[in-house]
2 protein chains.
Amino acid sequence: MKDYSFVSNTVIKRLPRYRRILGDLSEKGVKSVSSTELSRIAGYTASQIRQDLNNFGAFGQQGYGYNVERLQRQIGEILGLRNEYKMIVLGAGNLGQAIANYTHYYKSGYQIIAIFDVNPRLVGLRINDIEVLDAGSLTEYLENNQVDIAVITTDKDSAQAVTDVLAGSCIRGIWNFTAAEIDVPEDIVIENVHLSDSLHMLTYYMNQNGLRIKELSS
Amino acid sequence: MKDYSFVSNTVIKRLPRYRRILGDLSEKGVKSVSSTELSRIAGYTASQIRQDLNNFGAFGQQGYGYNVERLQRQIGEILGLRNEYKMIVLGAGNLGQAIANYTHYYKSGYQIIAIFDVNPRLVGLRINDIEVLDAGSLTEYLENNQVDIAVITTDKDSAQAVTDVLAGSCIRGIWNFTAAEIDVPEDIVIENVHLSDSLHMLTYYMNQNGLRIKELSS
DNA sequence: TAGATTGTTAATCGATTAACAATC
DNA sequence: TAGATTGTTAATCGATTAACAATC
């Protein structure tokens, strides 16, 4: 893994999207793609796509474009997808269970190895063949197992407390699905999936779009 | 709802976050907050927060700051949260079920009124007291019921087909949880929750952070 | 009133787009 | 070779930050 600290977050955010689109093309049997074609699919300018990619190297070929399969793999390498990641899910509620099943679809190398919950009724169950363990045993578990990512799907009020337990452990990344704004130690990276924020954005644009349509038709 | 088409998407994206933080403060009993205090919590500059808000009006008071409760309500109004929204969930899998339960937590006025699935085994079930209906009856349902938002939690390959059924109906917004890049008609707004993209970003920053930490300690 | 903090203009910074020489 | 398309520099555009007068 190279040091790309000079690359801005705005660029990084677009990488998984590029990779996903390349995967779609690859499935369709497309072998090569130009930045102009990519720009039509992704909705960015061709210029931007070339700029973005050139932060990481020269992946294309003049007069030809990009090899779809190779570029997909190369972006995957930039993102760090060649590794295997072990994950645990904290909170065996509906969302936790959904993720335990959902991430199984990924062939990209993410493996959920345990689910934790405070509810004694859930402890001992198996979800998608993954054992639900007592949240009280989390610290001990982290001492005896190599885990990379913790997925937080507890209720909002427990999110910070549960994160404090993760501090100083082998956990390097937190995928936070609660609405809480969590403080994390420097050596842990956090990615927030604030679903309510997403729904509120949708709502805003629905209303604005309604206005725009009315205006056009008047 | 006013026309805010002059406000950029970069600004809009921060609004739900501001509102959420104001809600947290309000719960703690905080009555007023300055842009400087907000900046510490949100991680933006005070200047940016004031700039953002002034796109929509003057909500503060010199020498005092912002009234927490009122500003939260005002941002809610900008986002369109005073309305009631009726939602349907397309796909009664783990994620669909999780969302059917999850969104019930929102007091903000979102109501799930039906879930659709192609699997005859699931049709007729009740999830969180919401009926699972046959996907085949979707068109008819949309003709006879007022629905604002469709949540798509089908598999990736069905996402476009299901969207085509929504075109021309009463649906004004799509909340897409599949990895598909969906084409939508002009009068429908789409908000994508690409969970795999989010996980890939986390992975990238985990690896970059690892590098940074190693460098510091060497 | 004096102190604090907003609303807003101007300055800076960064990101996007345009353009084109290099080259496959 | 001629045509196409990249890699990359330069120009433009937009977003963020700084600064401060207005004012509570």
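In the classification applied here, Ala, Val, Leu, Ile, Met, Phe, Trp, Tyr, Cys and Pro are taken as nonpolar, Asp, Glu, Lys and Arg as charged, and the remaining residues, Gly among them, as polar. On this basis, the surface near DNA strand D in the predicted model comprises four nonpolar, 18 polar and three charged residues.

DNA strand D is surrounded by 25 residues, of which A:S35, A:G60, B:S47, B:Q51 and B:Q61 are the closest. Of the atoms of this strand that come within 4 Å of the protein, 57% belong to sugar and phosphate. Several polar contacts involve the backbone of DNA strand D. A phosphate oxygen of the strand lies 2.9 Å from an N or O atom in the side chain of B:T45. For A:F59, a backbone N or O atom is placed 3.1 Å from a phosphate oxygen of DNA strand D. The side chain of B:Q48 has an N or O atom 2.9 Å from a sugar or linking oxygen of DNA strand D. Two or more residues of the surface near this strand are supplied by each of α3 of chain A and α1 (9–27) and α3 of chain B. The most is given by α3(B), with four residues.

For DNA strand C, 25 residues lie around the strand, and A:S47, A:Q51, A:Q61, B:S35 and B:G60 come nearest. Sugar or phosphate accounts for 57% of the atoms of DNA strand C within 4 Å of the protein, and bases account for the rest. The phosphates of this strand are approached by A:T45, a polar side-chain atom of which lies 2.9 Å from a phosphate oxygen, and by A:R14, whose side chain places an N or O atom 3.0 Å from a phosphate oxygen. A base is contacted by A:S47, with a polar side-chain atom 2.7 Å from a base nitrogen of DNA strand C.

The elements that each provide at least two residues to the surface near DNA strand C are α1 (9–27) and α3 (46–54) of chain A and α3 (46–54) of chain B. Of these, α3(A) contributes the largest share, four residues. By class, the surface near DNA strand C is divided into four nonpolar, 18 polar and three charged residues.

The largest pocket was then examined. Its volume is about 2100 Å³, and its lining consists of 47 residues, with A:K13, A:E191, A:N192, B:K13 and B:M201 nearest the centre. Both chains contribute elements with two or more lining residues: α1, β9 (189–192) and α8 (195–217) from chain A, and α1, α2 (35–42), β9 (189–192) and α8 (195–217) from chain B. The lining of the largest pocket contains 21 nonpolar, 11 polar and 15 charged residues.

A single position, A:V30, was also considered. A:V30 is located in the loop between α1 and β1 (32–33) of chain A. The residue is classed as partly exposed because its relative accessibility is 29%, a value between the limits of 20% for buried and 50% for exposed. When residues up to four places away in sequence are not counted, A:V30 touches A:L25 and A:V68. With respect to A:T163, A:V30 is separated by 133 residues in sequence and by 44 Å in space, C-alpha to C-alpha.

Key. Residues numbered from 1 in each chain as written. Chains lettered and ligands numbered in written order. Predicted model: local features only at pLDDT ≥ 70, side-chain atom pairs only at ≥ 80, totals over all residues. Heavy atoms only, no water. Near = heavy atom within 4 Å. Polar contact = N/O pair within 3.5 Å; in protein donor to acceptor, adjacent residues only side chain to side chain. Buried < 20%, exposed > 50% of the residue type's maximum accessible area, 1.4 Å probe, protein only. Contact = heavy atoms within 4.5 Å. 1 Å grid on protein atoms, 1.4 Å probe; cavity = no way out; pocket = protein on both sides within 12 Å on 5 of 7 lines; lining within 4 Å. Points joined across faces, edges and corners; volume = space filled by probe spheres on them.
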